[in-house]
Amino acid sequence: MNDREMSCNAGGQFMDRGRMNQNGVVQPLLTDLYQITMAYAYWKSGKIDDQAVFDLFFRNNPFHGEFTIFAGLEECLKFLDSFHYSQSDIEYLRQTLPEGIENEFFEYLGNLTAHDVTLYAIDEGTVAFPRVPIIKLEGPLIIVQLLETTLLTLVNYASLMATNAARYRMVAGKHVKLLEFGLRRAQGPDGGLSASKYSYTGGFDGTSNVLAGKLFNIPVRGTHAHAYITSFSSIGELKTRLLKHKQTGVMEDLLEHAVRHRQMLSHVLDVSTEESSEGELAAMVSYAIAFPDGFMALVDTYDVKRSGLLNFSAVALALNDLGYHALGIRIDSGDLAYLSCLAREAFEKVAERFKVPWFNKLTIVASNDINEETILSLNEQGHKIDCFGIGTHLVTCQRQPALGCVYKLVEINGQARIKLSQDVEKVTMPGNKNAYRLYSADGHALIDLLQKDSEHPPAVGQKVLCRHPFQESKRAYVIPSHVESLYKIYWKSGKICQHLPTLEQVREKVQISLKTLRNDHKRTLNPTPYKVAVSDNLYNFIHDLWLQNAPIGELS
């Protein structure tokens, strides 16, 4: 085994060349076989010195929306930094590839690195739009071809997940907390870790995933499962009833306080103690003794109204007697709008009756197969939920399971290349290009403009002709109040060329970037499409090249 294969941290992740937290499965063999067979065919054809430009882009925004959040760039750069076929990789390829491949090719692969590759990209966390390349790669044809599949897998799910999370954040509003609870439903361990990381990027406030918390410094949150409540059937099962008073240090019987409060609360909440579960009370007392400063209880195991709220409030008041403040409740089933309003009303009654104003501010967490539509419906119903715990629909991106990024050759040895198709959507935009975002006078992003790399950038206050790439009549003059060049060189000569932001900074970038879009581009129902255009020069270049490459039919 070589150094890369042996160097593994406690999280099961390889540490290549001193870089921490790179996923161990992200290596050159994480690719499609045809990338390597093409590499051999290129090599066999004498294309070792050919220089190519590839664009990585997507054709449609996900979730019936009109924006996408670009994510995954840092992982791409880590991959370039560590790109090298190990000895065991080469031995595996010798056994797997068809017979007859020369030994010199395997020697060539063994010496291959990403040193001669240049990677341009928009900043991670930036809103992106269809057809505008989010990554552009220049370099030797064989190596940039070999990078394709791995870069796509690093960008596709990351961007999809960040976009999904950003959409949840927008519908929930900025004052409601969002927690990612999806590890158990994610597509495998790596999918679970990626979901935790990129949901945080998109605007979630924390995760239940402990390993993600450790690896990415994401706040970790959680309560307990229904199993904890059902593991108790009576107060007689309590092995410990005593808790130290927070201020005096005197040990007191928490259960005794809770039982006394429960009797009084039954009149305030108009619920009989005989209807409530004694086992649930015992479980909550037990959990409160374990976590007196972090008491958050699940209240829907039996009945929220007749049991859960009564028992929780009794234990919360008992903790208050001993100098502690409970945090709140979680509701995991039922009519979330109704039950959240019921809970808030109950807390307000308790706050007034027992003179404990902080009870008004207890957190109500809701979880139960929640998606975007659920939150929108709850908003219409006037819910009182402070925090959503979201799992399955978030991490599996239920509404659209893939973003559909593609990686296309657009130039080789300085000559533009175009892929034609009867489906105009799949026609590529040839040549080495630059991308600019033009802003209106009110500060909102107005249009993204693609130009040939030889053209001068658009200038503030100067009229620019912007054209639809494939529809001749769609064109408009734009006079930008601000021009943003979208690409930066992130990798060149074997080194990362930009200071990489922290996860927190990328997370902030997402919200800043979203604010540059008009609200009609971001709305859930029938959002206005954001315009992507090409310069007049690029438009003419595309169509001239199209005519040169399109076969001429013959009628007889």
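What follows is a chat about how a few labels in this predicted model are earned.

Me: How do you know that Cys397 is not in a disulfide?
Reply: A disulfide needs two cysteine sulfur atoms within 2.5 Å. The closest cysteine sulfur to that of Cys397 belongs to Cys405 and sits 13 Å away, so the gap is too far for a bond. A search of the whole structure turns up 0 disulfides.

Me: And what is the nearest cysteine sulfur to Cys405?
Reply: That would be the sulfur of Cys76, 9.7 Å off, and Cys405 is in no disulfide.

Me: Why are Cys397 and Cys405 called buried?
Reply: The label goes to residues under 20% relative accessible area. Cys397 comes in at 1%, so it counts as buried. Cys405 has 7%, so the label fits there too.

Me: What makes H7 a largely enclosed helix?
Reply: Just count its residues: 22 of the 25 are buried, so the rest of the structure largely encloses H7.

Me: How do you know that the span of H7 agrees with what a helix should give?
Reply: H7 covers residues 148–172, and at 1.5 Å a residue it should span 36 Å. Its end C-alpha atoms are 36 Å apart, so the two values agree. Right after H7 comes Gly173, with a positive phi near 90°.

Me: Why are S7 and S10 called edge strands?
Reply: Let's start with their sheet, an open one of 6 strands in the order S7-S6-S13-S12-S11-S10, with parallel pairing. S7 (206–207) and S10 (296–298) each pair on one side only, which is what makes them the edges.

Me: What makes S6 and S7 a pair?
Reply: Pairing takes at least two bridges between the strands. S6 (residues 177–180) and S7 are joined by 2, so they qualify, and they run parallel. Glu180 has Thr207 in S7 as its bridge partner.

Me: How do you know that S18 and S19 pair as well?
Reply: They share 4 bridges, against the two required, so they count as a pair, in the antiparallel sense. Cys466 stands opposite Ala476 in S19. Their sheet is open, has 6 strands in the order S19-S18-S23-S17-S16-S20, and shows mixed pairing. Its edges are S19 (475–478) and S20 (482–485). On average, neighbouring strands there are turned by 35° against each other, direction ignored.

Me: Which helix packs on that sheet, and which strands does it touch?
Reply: Helix H19 (residues 536–549) does, touching S16, S17, S18 and S23. The direction of H19 makes about 80° with that of S23.

Notes:
Residues numbered from 1 in each chain as written. Predicted model: local features only at pLDDT ≥ 70, side-chain atom pairs only at ≥ 80, totals over all residues. Heavy atoms only, no water. Buried < 20%, exposed > 50% of the residue type's maximum accessible area, 1.4 Å probe, protein only. Expected span 1.5 Å × (residues − 1). Axes fitted to C-alpha atoms, helices over the stretch in contact; angles between N-to-C directions. Contact = heavy atoms within 4.5 Å.
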